[in-house]
Amino acid sequence: MIGTGRSVNSITARRRHPLARFAVVALALGLLGGGYALAAPTGSTADAAVASGKADDVAQGKDLFIAHCASCHGLNAEGTKSGPTLVGVGAAAVDFQVSSGRMPASDPGAQAPRKPLDEWVTPQAIDQLAAYVQSLGGGPTRPAAEQVDPAKGDPAKGGELFRANCIQCHNFVGAGGALTYGKYAPSLNESSPTQIYEAMATGPQAMPVFNDSTITPDQKRDMIAYITSVRSQVDPGGSGLGRIGPVTEGLVAWIAGISLLVLAAIWITAKKRQAHS
Amino acid sequence: MDTPPKAIAGVSTFLDDRLGAGSFLKRNLRKMFPDHWSFLLGEIALYSFIVLLLTGTFLTFWFKPSMGHVMYDGSYEPLKGIMMSEAYASTLNISFDVRGGLLIRQIHHWAALLFVAGMVVHMLRVFFTGAYRKPRELNWLIGIGLLSLALFEGLTGYSLPDDLLSGAGLRITQGVILSIPLIGTYIQFFLFGGEYPGEDIISRFFTLHILLIPGILLALITAHMILMWVQKHTQMPGKGRTEKNVVGAPFYPAFMAKAGAYFLFTFGVLALLGTFAQINPIWLFGPYTPADISAGSQPDWYMGFLEGSLRLMVPWEINLFGTSGGTIPLSVLIPALVPLGIIMTGLALYPFLEQWVTGDRREHHIADRPRNNAHRTSIGISAVTFYGILWLLGANDEISANFHIGLYETTIFGRFAIFLGPVIAYIITYRVCIGLQRKDAEVVSHGVESGVIKRMPNGEYIEVHTPPADDILAHIRGKKEIPVIESGVDREGIPPKGARSLIGRLRAKMSKAYGTDRIPLEEGHGHGEEHAAVGAGERKEVH
């Protein structure tokens with residue numbers, strides 16, 4: 001470098017540029033990430049996916065994962081302080097969480113709520129993410145279409161199972177209910193049959209897992225049949241008042257019933273007999 | 001031409017000779033009823049009761065009060081083939097397969113809610129206007145009895161369909177019975193005919209619900225009405241109204257028309273609710289099995305305050321001699337009995353406590369305006385607050401789920417609010433009453449604002465006040481002093497024997513606080529310097 005003092009000076013100057021440290025970190029991260037990306041897909045768990053021609057999905061899913069999930073769940077889905085490990089949760093969990101908008105979570109609250117999907121969340125993207133997470137350590141897979149077809153289930157049997165297993169949190173028609181520490185059992189009105197199945201299979205958030213030995217796939221389909229038939233039912237008695245039981249009924253009795261009758265009483269007694277004139 | 005046609009005259013003479021109906025009717029048809037909207041509130045309960053009797057009779061034609069097991073084979077698909085009790089199956093049958101059954105069931109249930117709600121608003125009106133005072137204390141007690149019975153009538157009716165929600169209420173009832181020390185288990189085995197839930201409770205509740213309690217209700221309502229008729233209705237203070245007269249409309253025709261119209265209004269509102277608002281959709285709850293429970297299981301509104309007290313209670317229990325001697329579950333016993341006891345006993349004793357404190361043995365036929373007895377109104381509002389907080393917290397899970405408030409936060413809030421709320425309500429209400437009394441005093445002494453601003457020769461502006469209208473003035477002047485028991489201190493400053501004890505001194509103190517009129521109406525113009533300008537102007541205008 002001797003004799004080229006000018007360029008040395010310029011290199012030194014650039015080295016001391018305020019943005020230089022970020023450039024170095026970015027380079028290091030890029031090398032690390034790139035190297036990792038080259039090394040990771042060689043893991044043996046991906047072999048099955050490669051064999052079945054889904055290696056592309058896994059790779060694509062991994063990219064999506066790094067972009068949208070890794071900040072909480074870790075670069076290898078190993079989990080961090082702010083998100084659990086996803087090794088072994090299975091494709092069903094991914095599909096449930098991402099297709100309902102719960103994941104990626106917008107903020108670390110007691111519970112991630114259902115929300116509108118981000119633009120990048122397409123069925124294909126979910127497939128890819130699911131394939132990636134499935135490749136990490138297996139877990140419950142997504143149900144086939146006929147496994148969640150309400151028409152093939154028996155709603156009456158499903159109703160019994162639903163009452164025995166679900167309503168203590170989700171309310172008798174699945175309108176939802178409160179749990180402790182800010183958590184809650186969400187309403188089932190917006191859940192697709194597949195999502196209901198996946199929720200039972202994977203036990204998202206505060207929900208327990210109802211695996212296939214506790215409730216068989218056929219029974220799950222019966223429950224789906226019951227849930228979907230009851231929620232699509234037109235209330236025969238008029239407005240359902242939110243279908244949450246006597247609380248809204250009491251409100252209506254007081255706010256509508258008593259108010260109307262008080263108004264009627266005021267009206268009746270306000271009509272004074274006019275004195276003869 | 002004034003003589004009635006012979007056909008009518010003949011029949012009426014026949015009846016009159018045998019029943020003495022003529023003089024009875026002559027006396028009573030012209031009975032005067034004072035006119036005020038709040039005097040109709042009790043009729044909501046009365047007419048709801050009539051609707052309840054009629055719709056209830058309809059329901060008994062199809063309801064089967066049996067816990068025998070049947071397989072459902074009605075027209076409601078999602079329950080087909082399910083095993084259930086006959087009671088539940090027959091209620092489904094009424095709802096889906098009996099023509100008009102669901103409408104009548106819904107009207108019956110809405111009428112039940114409005115029956116109790118009507119009683120409560122009527123009771124509040126009577127309380128806040130002091131209409132329970134002598135000679136009406138017994139009728140007040142009958143009213144308390146009616147309210148207690150109505151709660152029990154509601155509870156038994158709520159349990160009859162044997163759906164999952166009613167079963168939850170039944171289970172809590174059983175838990176409360178069990179929590180009674182020593183005799184609790186015996187009572188539960190006696191009531192349920194064995195282990196919970198047994199096979200008997202529905203048919204037993206049915207008999208209570210359709211025979212015993214309505215019978216007593218009917219008898220008490222009759223007594224309530226007769227006493228009201230005989231003692232005459234109270235009236236609000238006003239022009240020409242005294243303790244010795246009743247100013248209003250005669251029963252026939254004016255009051256009868258109004259009462260009849262009000263019945264139709266009540267029936268109309270119930271029919272509207274029954275048509276457009278679904279109530280107690282038992283088909284959604286499913287049949288009762290003791291193992292199942294739903295989120296959001298709530299009682300009907302009138303039991304909500306008991307639900308709330310149960311939810312607020314801290315988990316206390318006493319284990320005698322370890323756990324072998326028996327457990328007294330205070331966490332159930334206290335919330336089940338204490339708030340109910342405070343409210344019902346407090347209501348029943350209030351007329352007598354008030355008499356004891358004020359020493360007031362006079363008859364009262366002119367109702368108080370709530371502001372004019374500030375302490376009574378404040379006590380009433382703090383009781384309403386106590387009840388209201390319990391009631392609100394009975395729905396804490398729905399509040400938590402729908403407004404995204406932590407469940408435990410609602411409980412902790414309630415545990416403080418149940419003690420602080422009534423105190424705060426008392427203070428605020430008292431200040432409001434005193435403020436309203438000041439306003440009255442101002443109207444009496446200064447007149448009402450005329451809206452005319454006048455400039456005086458010296459450049460001063462005054463607002464011209466004019467005397468209030470006669471009826472308003474008479475209404476305000478209806479304020480009656482609340483007696484204070486005489487301290488009876490003799491010349492040496494020694495109080496009489498009765499007032500020397502701790503209770504005697506307390507009574508004297510309370511009497512002074514309760515009865516002293518802080519804002520007398522005739523305080524003249526002594527309002528201080530800042531009102532001098534207005535006062536000066538208005539003296540000129542008024543006089």
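How many residue pairs are in polar contact between chain A and chain B, with both residues at pLDDT 80 or more? In this predicted model, the count is 13 such pairs. Salt bridges, by contrast, are absent between chain A and chain B, where their count is zero.

The extent of the interface may be considered next. The size of an interface is often expressed as the accessible area that is lost when the parts come together. Here chain A and chain B bury about 4600 Å² between them, and 71% of this area lies on carbon and sulfur atoms. Three residues, Arg163(A), Trp254(A) and Leu261(A), account for 15% of the area that chain A buries against chain B, more than any other three residues. In terms of contacts, 53 residues of chain A and 63 residues of chain B take part.

On the side of chain A that touches chain B, the elements contributing two or more residues are α8 (155-165), α9 (167-170), β1 (177-178), α11 (217-231) and α12 (246-270). Of these, α12(A) gives the most, with 19 residues. Sorted by class, this side of chain A comprises 30 nonpolar, 15 polar and eight charged residues.

One residue of chain A with contacts in both chains is Asn171(A), which touches Phe162(A), Gly176(A), Arg243(A), Ile244(A), Ser294(B) and Ala295(B), leaving aside residues up to four places away in sequence. Asn171(A) belongs to the loop between α9 and β1 of chain A. Its relative accessibility is 0%, so Asn171(A) counts as buried. A polar atom of the Asn171(A) side chain lies 3.3 Å from the backbone oxygen of Arg243(A).

The cysteines remain to be described. Over all chains, the structure holds zero disulfides. Why is Cys72(A) not bonded to Cys69(A)? The sulfur of Cys69(A) is the closest cysteine sulfur to that of Cys72(A), yet the two are 9.0 Å apart, which is too far for a bond, because a disulfide requires sulfur atoms within 2.5 Å. Cys166(A) presents a similar case: the closest cysteine sulfur, in Cys169(A), is 8.9 Å from the sulfur of Cys166(A), and is therefore too far for a bond. The surroundings of Cys72(A) and Cys166(A) may also be set side by side. Cys72(A) has a relative accessibility of 32% and so counts as partly exposed, whereas Cys166(A) has a relative accessible area of 10% and is buried.

How values were computed: Residues are numbered from 1 along each chain as its sequence is written. Chains are lettered from A and ligands numbered from 1 in the order in which they are written. This is a predicted model: local features need pLDDT of at least 70, side-chain atom pairs count only at pLDDT 80 or more; totals for chains, interfaces and linings use all residues. Side-chain values use heavy atoms; hydrogens and water are left out. Contact means heavy atoms within 4.5 Å. Buried area is the accessible area (1.4 Å probe) that two parts lose on being put together, summed over both. A salt bridge is a side-chain nitrogen of Lys or Arg within 4 Å of a carboxyl oxygen of Asp or Glu. A polar contact is a pair of N or O atoms within 3.5 Å; within protein, one must be able to donate a hydrogen and the other to accept it, and residues adjacent in sequence count only if both atoms are side-chain atoms. Helices (H or I, at least four residues) and strands (E, at least two) are DSSP runs, numbered from the N terminus. Ala, Val, Leu, Ile, Met, Phe, Trp, Tyr, Cys and Pro count as nonpolar, Asp, Glu, Lys and Arg as charged, and the others, Gly among them, as polar. Buried means under 20% relative accessible area, exposed over 50%, partly exposed in between (1.4 Å probe, protein chains only).
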